[in-house]
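Trainee: I have a structure to get to know before my next bench session. Could you walk me through it?

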Amino acid sequence: MSTPSFVLPPGPVMVDVAGPSLTDHERERLRHPLVGGVILFSRNFTDRAALTALCAEIHALREEPLLIAVDHEGGRVQRFRADGFTALPCMRDLGSLWDANQQAAMRAATAVGYVLAAELRACGVDLSFTPVLDLDYGVSKVIGDRAFHRDPAVVAMLARGLIQGLGGAGMAACGKHFPGHGAVEADSHHEIPVDERSLDRILEEDAAPYAWLGDLVLPSVMPAHVIYPQVDSAPAGFSAVWVQQILRQRLGYDGVVFSDDLTMEGATVAGDILARANAALQAGCDMVLVCNRPDLADDLLARLDFQLPSDSVNRLRRLRPKAAAPDWDTLQRDARYQHARRIRSEILSV
């Protein structure tokens with residue numbers, strides 16, 4: 001009897017690649033045992049054929065394929081826009097529609113989610129970091145029209161509709177940015193935001209959608225690089241108080257927790273790239289993101305000494321699509337996809 005081959009499980013680090021095809025060094029990096037996923041950006045897209053080939057090559061590098069993710073929310077955060085990709089509305093448009101017609105807004109949210117996921121999956125992408133669950137206070141420079149609404153109940157309802165659409169196309173969801181980025185003006189990409197509100201106030205409003213949706217609906221979340229000093233001195237993604245005590249224990253959440261990008265300014269409070277990764281992982285994150293700095297990704301992979309717990313491995317595996325997706329040409333003939341695109345066009349006029 002032959003001995004079964006060892007399948008390398010997903011590691012705790014998600015990295016990116018520089019262009020629309022892989023270099024030899026990137027192939028080597030993606031085979032590193034600490035790598036568990038790849039995040040794509042607009043620079044990785046020239047056309048659908050090249051994107052599909054890139055995803056296929058990434059998946060083929062490991063016996064257990066790496067998770068391929070992208071920030072593809074709609075509105076101004078939509079990485080792939082040409083060569084047949086549908087223009088998706090910003091989430092504030094769905095919130096405005098809710099104020100006029102709740103039933104139409106729910107139908108539109110589900111249709112948008114389905115189109116978003118079906119098109120990505122037809123090209124080989126596994127996960128989009130969506131929906132944004134931040135509340136629209138009208139003050140955040142980085143959130144803005146990415147948020148559905150000011151009312152947490154409306155945010156939860158529209159997010160649920162969008163997540164249902166994603167799931168219909170076989171894609172999981174990721175809510176961000178826990179417990180909430182909408183009430184601070186500073187952009188954590190370039191600054192270190194501080195939110196002085198109390199824990200009770202944040203749980204009552206900003207974090208409420210996470211509590212209402214739970215991990216059975218929302219299988220992954222991404223904490224904010226925001227400091228809430230009345231709760232903890234560390235940003236939420238580096239805080240065991242936020243990740244373990246509040247999210248895991250108080251809210252009973254058992255899904256994947258991704259760090260936000262560790263190269264953002266809001267992450268620098270933790271130290272160098274190794275210190276940031278260790279802080280996030282020790283706080284309870286299952287996977288950390290290192291984006292737009294391949295030198296820091298290589299540095300981290302060379303120095304990080306971390307064994308991903310079996311609970312984290314199992315959570316990450318649950319995010320992978322369970323069935324193969326139709327290719328692009330087959331998708332275009334699919335009646336459900338055509339119907340979802342019509343709903344999006346008729347209700348949202350985009």
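Mentor: What follows is a short talk about helices, cores, aromatic pairs and salt bridges in this model, which is a predicted one.

Trainee: Let's start with a helix. How many residues does α2 have, and what span does it reach?

Mentor: Helix α2 takes in residues 48–60, which makes 13 residues, and from its first C-alpha to its last it reaches 18 Å, close to the 18 Å expected at 1.5 Å a residue. At the start of α2, the backbone nitrogen of A49 has a side-chain oxygen of D47 within 3.1 Å.

Trainee: Which residues of α2 are buried, and what covers them?

Mentor: The buried ones are A50, L51, L54, C55, I58 and H59, and their cover includes α1 (24–30), β2 (35–40) and β3 (67–70).

Trainee: And the nonpolar core, which residues have the most contacts inside the largest one?

Mentor: The largest nonpolar core has 97 residues, and V13, L30, L40, I58 and F80 are those with the most contacts inside it. Helix α4 (residues 102–122) gives the largest share of this core, 13 residues. Apart from it lies another core, of 19 residues, with M14, L67, F258 and C291 among them.

Trainee: Going back to L40, what is it in contact with?

Mentor: If its neighbours within four places in sequence are left aside, the contacts of L40 include L51, L54, C55 and I58, and also F80 and V125. Of these, L51, L54, C55 and I58 are among the buried residues of α2.

Trainee: Changing topic: how many aromatic pairs are there, and how are F45 and F85 arranged?

Mentor: The count comes to 8 aromatic pairs. F45 and F85 form an edge-to-face pair, at 5.7 Å centre to centre and with 85° between the planes. F45 lies in the loop between β2 and α2, and F85 in the loop between β5 (77–78) and α3 (91–100), so the pair ties together parts that are 40 residues apart in sequence.

Trainee: Are those two rings buried or exposed?

Mentor: F45 counts as buried at 12% relative accessibility, and F85 is buried too, with a relative accessible area of 6%. Both belong to one aromatic cluster, formed by F45, F80, F85 and W328.

Trainee: Now the charges. How many salt bridges does the structure hold, and where do D298 and R29 lie?

Mentor: The structure holds 24 salt bridges. In the one between D298 and R29, the closest N and O atoms are 2.8 Å apart, and this pair links distant parts of the chain, with D298 in helix α10 and R29 in helix α1, 269 residues apart. D298 counts as partly exposed at 26% relative accessibility, whereas R29 is buried, with a relative accessible area of 6%.

Trainee: What about K176 and D71, how far apart are their closest N and O atoms?

Mentor: Those atoms are 3.0 Å apart in the salt bridge that K176 forms with D71. K176 lies in strand β7 and D71 in the loop between β3 and β4 (72–74), so the pair ties together parts that are 105 residues apart in sequence. K176 counts as buried at 2% relative accessibility, and D71 counts as buried at 13%.

Trainee: Which residues are linked with them in a network?

Mentor: The network of salt bridges links D71, E73, R79, R146 and K176. D71 and R79 also appear among the contacts of L40.

Definitions and conventions:
Residues are numbered from 1 along each chain as its sequence is written. This is a predicted model: local features need pLDDT of at least 70, side-chain atom pairs count only at pLDDT 80 or more; totals for chains, interfaces and linings use all residues. Side-chain values use heavy atoms; hydrogens and water are left out. Helices (H or I, at least four residues) and strands (E, at least two) are DSSP runs, numbered from the N terminus. The expected span of a helix is 1.5 Å times one less than its number of residues. Buried means under 20% relative accessible area, exposed over 50%, partly exposed in between (1.4 Å probe, protein chains only). Contact means heavy atoms within 4.5 Å. A polar contact is a pair of N or O atoms within 3.5 Å; within protein, one must be able to donate a hydrogen and the other to accept it, and residues adjacent in sequence count only if both atoms are side-chain atoms. A nonpolar core is a set of buried Ala, Val, Leu, Ile, Met, Phe, Trp, Tyr and Cys residues joined through side-chain atoms within 4.5 Å. Rings of Phe, Tyr and Trp (its six-membered ring) pair if their centres lie within 6.5 Å; planes under 30 degrees apart count as stacked, over 60 as edge-to-face and the rest as tilted. A salt bridge is a side-chain nitrogen of Lys or Arg within 4 Å of a carboxyl oxygen of Asp or Glu.
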